[in-house]
Amino acid sequence: MPAIILVSETRCPELADEFGRYTRDYDVQTATSAHEAKAAAKRVIADGGQVAMFVTESRLPDAEVLEAFHWWRGTVPTARRVIAAHVSMFREDAERLRGGMAKGKYDAYLLMPRGARDEEFHTAICELLSDWGSTVAEPEVVAVAIVSPVEDALTLGIRDYLDRMGMPNRVYAPDSDKGRYVIELHAAEGGEPDYPLVMDLGKRVGVARSVRDVAMRIYGQPADIDVDTVVDVAIVGAGPAGLAAAVYASSEGLSTVVLESEAIGGQAGTSSMIRNYLGFPRGISGMRLAQRARNQAIRFGTRFFTGWPVTSFEPGSVDDDGVPTPHVLCTDGGDVRARSVVVSAGVKYRRLDAPGIERLVGLGVHYGSAMTAAREMEGYDVIVVGGGNSAGQAAIHLARFARSVTILVRREKLADTMSSYLIGEIEYNPRISVQGCSEVVEGGPGDDGRLGWVTVRDIRDGTETRRDCRGLFLLIGAAPYCDWLPDAVARDERGFVLTGRDVPQDRWRGDLPPESLETTVPGVFAAGDIRAGSMKRVAAASGEGASVVSLVHAWLDPTR
Ligand SMILES: Cc1cc2nc3c(=O)[nH]c(=O)nc-3n(C[C@H](O)[C@H](O)[C@H](O)COP(=O)(O)OP(=O)(O)OC[C@H]3O[C@@H](n4cnc5c(N)ncnc54)[C@H](O)[C@@H]3O)c2cc1C
């Protein structure tokens, strides 16, 4: 059982009583000082256990509480850290300690409960434990079992997909009990012995040749929609913009289909902690935010097809009688016909043009923050390339697992490109260092075929240094996903979709520009990062996704 360590000089009995409701699932321990808590954490780790959370009073007998967090973090970087301040000190200590929370020194500043059923307090604790469970712990309840002798790029890809879809999963060795069980089940159904084998909740087993095999088996394919059906709105991309459009469209009675090439959540789904999204004072992992939005959309009737990129798009037209013909979105798993389309395909990461790197993608080299891969980095030295907020967040998340994280940037420092709260958090974290004026110019495998080394060049004097590296996380800017769009959808010189007044006058239909989120094709709208001039933030993308729905209504029924 993972441990929760409660720390207070005089109020351990009260805290232990308050945490009584967690004792079925957690080993709740108490300590009366910072040193005692550190020793308790060390014991848990030495016994092969995990520490999920430290909960401490705002004052301790042997250390400043922020200093104590620093020690505990050195012992268990992944544990969530909470202050439960006694009412007598709550206000006074808040002034002193809140700055540390903004810098990521701890996760929550709460008022110690003063009576039974303080659900506000326990909601905060449960959210933090749930967040810990989804990003750190191996799941206790497994929905999908993967059997594979190695954690190769395909196995990792399947795990990443399932994680992002909110499907608890685990990899089992073929000679483990579970591994043998799945292999026997597969053999009994006459299946070829091969790996990875995937068993879903319905105990159906199959060999996965690609991530899409798994997606199709669990969630179906666009061809499952009756060929004659024309849906009111088809949404391309299930990032925040597409998810918001889906929630609003389906909640307002429109038949809605979402086509997503990977898993839901888009870029936001790869973010370990979004701290500036309205209404989540303790932050929320992008994956959990996306899961909630998907469940919300499903409740209103949206159909999702994940693992199916739209490969081409034939815009509809108006026939001789003035009747509009549907737009057709094509995927390898079938076509979808729709009266209106929302393009919310977001952006993709630029590739690093350095010899040896591309063939190691998935084998230590990752684009984006790669939440699943972070767990594999335990004890290794890793490099994050990029100076934006996404690189900063990735470094902080990786530092929970890796021995060291180096952020490599071509500029001298991060101040021009990263938010100051992240820079503060990075400066405070002893495992993270920043190396300016540098770039990765080559990489290669170690003995096991995974990334083993990279060469880093100092761009001031051209000197090159080869260093050991097991993880390379590339967050080096992004370009829109627009290759599937026809020329009829006007884009700017970088490929971002033009909407509203940004459309040049020679592409207007008549005297007026398109509506604010409308493209140059009637009935086709764009929202989120793929739109020229967009803000590149979760809230902005979801706001546009919500706003686009009123334009869709107006297009579908101009008399409204
Ligand atoms: C690591 C990281 C951390 C971030 N942290 C923050 C933060 O803390 N706060 C904040 O406000 N913003 C943050 N951002 C930015 C934020 O995530 C984006 O602005 C937001 O996700 C944009 O949403 P979107 O829906 O427009 O596009 P995306 O999130 O890019 O989603 C687009 C989706 O479309 C899919 N797609 C692409 N092409 C096709 C196709 N042909 N067919 C079907 N599907 C397709 C993609 O797979 C993707 O899932 C972060 C970004 C990253 C990468």
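This report describes two helices, two cavities and several individual residues in a predicted model.

## Helix α2

Helix α2 covers residues 34–46, a run of 13 residues. From its first C-alpha to its last the helix reaches 18 Å, close to the 18 Å expected at 1.5 Å a residue. The buried residues of α2 are A34, A37, A40, A41 and V44. Viewed down the helix axis, these buried residues fall within an arc of 120 degrees, so they line one face of α2.

The packing partners of the buried residues in α2 include three strands, β1 (3–7), β2 (27–31) and β3 (51–56). Helix α3 (65–75) also packs against them. Just after α2 comes G48, which takes a positive phi of about 85 degrees.

## Helix α14

Helix α14 is formed by residues 538–556. Its 19 residues should span 27 Å at 1.5 Å a residue, and the end C-alpha atoms are 27 Å apart, which agrees.

Buried positions in α14 are V538, A540, A541, S542, E544, G545, V548, V549, L551, V552 and H553. Among them are the charged residue E544 and the glycine G545. The buried residues of α14 pack against the strands β10 (230–236), β15 (334–343) and β26 (524–526). They also pack against the helices α9 (240–251) and α10.

## The largest cavity

Two cavities of 30 Å³ or more are found in a search of the whole structure. The largest has a volume of about 90 Å³. Its lining consists of E127, L128, D131, M273, F280, R282, G283, I284, R288 and R292. By class, five of these residues are charged, four are nonpolar and one is polar.

Helices α5 (119–135) and α10 (286–299) each supply at least two residues of this lining. Of the contributing elements, α5 gives the most, with three residues.

## The second largest cavity

The second largest cavity holds about 40 Å³ of space. It is lined by S134, T135, D163, M287, M371, T372 and R375. The elements that give two or more residues to this lining are α5 and α11 (371–375). The largest share comes from α11, with three residues.

By class, the lining of the second largest cavity has three polar, two nonpolar and two charged residues. Helix α5 thus appears in the linings of both cavities, supplying at least two residues to the largest and two or more to the second largest.

## M273 and Q393

M273, one of the residues lining the largest cavity, lies in the loop between β11 (256–260) and α10. M273 is buried, with a relative accessible area of 19%, a value under the 20% limit for that class. Leaving aside neighbours within four places in sequence, M273 is in contact with D131, R282, G283, I284, S285 and Q393. Among these contacts, D131, R282, G283 and I284 also line the largest cavity. M273 and M287 are 14 residues apart in sequence, and their C-alpha atoms are 8.9 Å apart in space. M287 belongs to the lining of the second largest cavity.

Q393 is located in helix α12, which comprises residues 389–398. With a relative accessibility of 17%, Q393 counts as buried. Outside its neighbours within four places in sequence, Q393 is in contact with S271, S272, M273, Y421 and L422.

## Backbone features in loops

The peptide bond from Y195 to P196 is cis, with omega near -5 degrees. P196 is placed in the loop between α7 (177–188) and β8 (197–199).

Two residues other than glycine take positive phi values: K203 at about 60 degrees and C437 near 50 degrees. K203 is situated in the loop between β8 and β9 (205–207), and at 46% relative accessibility K203 counts as partly exposed. C437 lies in the loop between β20 (432–435) and β21 (438–445). With a relative accessible area of 7%, C437 is buried.

Methods
Residues are numbered from 1 along each chain as its sequence is written. This is a predicted model: local features need pLDDT of at least 70, side-chain atom pairs count only at pLDDT 80 or more; totals for chains, interfaces and linings use all residues. Side-chain values use heavy atoms; hydrogens and water are left out. Helices (H or I, at least four residues) and strands (E, at least two) are DSSP runs, numbered from the N terminus. The expected span of a helix is 1.5 Å times one less than its number of residues. Buried means under 20% relative accessible area, exposed over 50%, partly exposed in between (1.4 Å probe, protein chains only). The arc is that of the directions from the helix axis to the C-beta atoms. Contact means heavy atoms within 4.5 Å. On a 1 Å grid over the protein atoms alone, a cavity is a set of points where a 1.4 Å probe fits but cannot get out, and a pocket is an open set with protein on both sides within 12 Å along at least five of seven lines; lining residues have an atom within 4 Å of a point. Grid points are joined across faces, edges and corners, and a volume is the space filled by probe spheres set on the points.
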